[in-house]
Amino acid sequence: MEGSMKLELGAIIAALHDSEINGEVSWFYDGVWRVRLGDSDKAIAAEATLGSADGAAEWLRANPVRRYPHSEFARLYPCTANDP
């Protein structure tokens, strides 16, 4: 995202939670971040392994918008021209 729009991982997670979108974030000492949408009890809707916290935040912003386009989260974090 643009410099002044840098995503905060905590804010993204809080917005997902408030929109009742389940997910997970995990990390390893060597810079590996794993992110998931959904949960292991129902189904994992999407998951990725990334190389930074910024990458994890961006993935967690872009993917729920595509999968849950009518959610409150999608209203707060709409798609951008740079979305993968």
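**Exercise 1. Arg61 and its surroundings**

Task: In this predicted model, determine in which helix Arg61 lies, and whether Arg61 is buried or exposed.

Solution. Step 1: Arg61 belongs to helix H2. Step 2: The relative accessible area of Arg61 is 1%. Buried means under 20%, so Arg61 is buried. Step 3: A polar atom of the Arg61 side chain lies 3.3 Å from the backbone oxygen of Pro78.

**Exercise 2. The sides of helix H1**

Task: Establish which residues of helix H1 (residues 9-18) are buried, and why they lie on the same side of H1.

Solution. Step 1: The buried residues in H1 are Leu9, Ile12, Ala15 and Leu16. Around the axis they cover an arc of only 130°, and therefore they sit on the same side of H1. Step 2: A general rule is helpful here. Since an α-helix has 3.6 residues a turn, residues three or four places apart point the same way. Step 3: His17 and Asp18, on the other side of H1, are exposed. Step 4: The partners of the buried residues of H1 are strand E2 (33-39), helix H2 (53-67) and helix H3 (72-76), against which they pack. Step 5: After H1 comes Glu20, with a positive phi near 60°.

**Exercise 3. From helix H1 to helix H3**

Task: State how far apart Leu76 and Ile12 are in sequence and in space.

Solution. Step 1: Leu76 is located in helix H3. With a relative accessible area of 44%, Leu76 is partly exposed. Step 2: Between Leu76 and Ile12 there is a separation of 64 residues in sequence, and their C-alpha atoms are 9.9 Å apart in space. Step 3: Ile12 is one of the buried residues of H1, and H3 is among the elements against which the buried residues of H1 pack.

**Exercise 4. The sheet**

Task: Describe the order of the strands in the sheet and whether their pairing is parallel or antiparallel.

Solution. Step 1: The open sheet consists of three strands in the order E1-E2-E3, with antiparallel pairing. Step 2: Strand E1 (23-27) and strand E3 (43-50) are the edge strands, as each pairs on one side only. On average, neighbouring strands of this sheet are turned by 15° against each other, direction ignored. Step 3: E1 and E2 are joined by five bridges, and Glu24 stands opposite Arg36 in E2. These two strands form a hairpin with five residues between them, and Gly31 in the turn has a positive phi of about 85°. Step 4: E2 and E3 are joined by seven bridges and form a hairpin with three residues between them. Across this pairing, Val35 stands opposite Ala48 in E3, and Arg36 stands opposite Glu47 in E3. Arg36 thus has Glu24 opposite in one pairing and Glu47 opposite in the other. Step 5: Helix H2 lies across E1, E2 and E3 and runs at about 25° to E2.

**Exercise 5. An aromatic pair**

Task: State how many aromatic pairs a search of the whole structure finds, and classify the pair of Trp27 and Trp33.

Solution. Step 1: The search finds two aromatic pairs. Step 2: The ring centres of Trp27 and Trp33 are 5.5 Å apart and the planes stand at 35°, so this pair is tilted. Step 3: Trp27, at 57% relative accessibility, counts as exposed, whereas Trp33 is buried, with a relative accessible area of 18%.

Technical notes: Residues numbered from 1 in each chain as written. Predicted model: local features only at pLDDT ≥ 70, side-chain atom pairs only at ≥ 80, totals over all residues. Heavy atoms only, no water. Buried < 20%, exposed > 50% of the residue type's maximum accessible area, 1.4 Å probe, protein only. Helix = DSSP H or I, 4+ residues; strand = E, 2+ residues; numbered from the N terminus. Arc of directions from axis to C-beta. Contact = heavy atoms within 4.5 Å. Polar contact = N/O pair within 3.5 Å; in protein donor to acceptor, adjacent residues only side chain to side chain. Pairing = 2+ DSSP bridges. Axes fitted to C-alpha atoms, helices over the stretch in contact; angles between N-to-C directions. Phe/Tyr/Trp six-rings, centres within 6.5 Å; stacked < 30°, edge-to-face > 60°.
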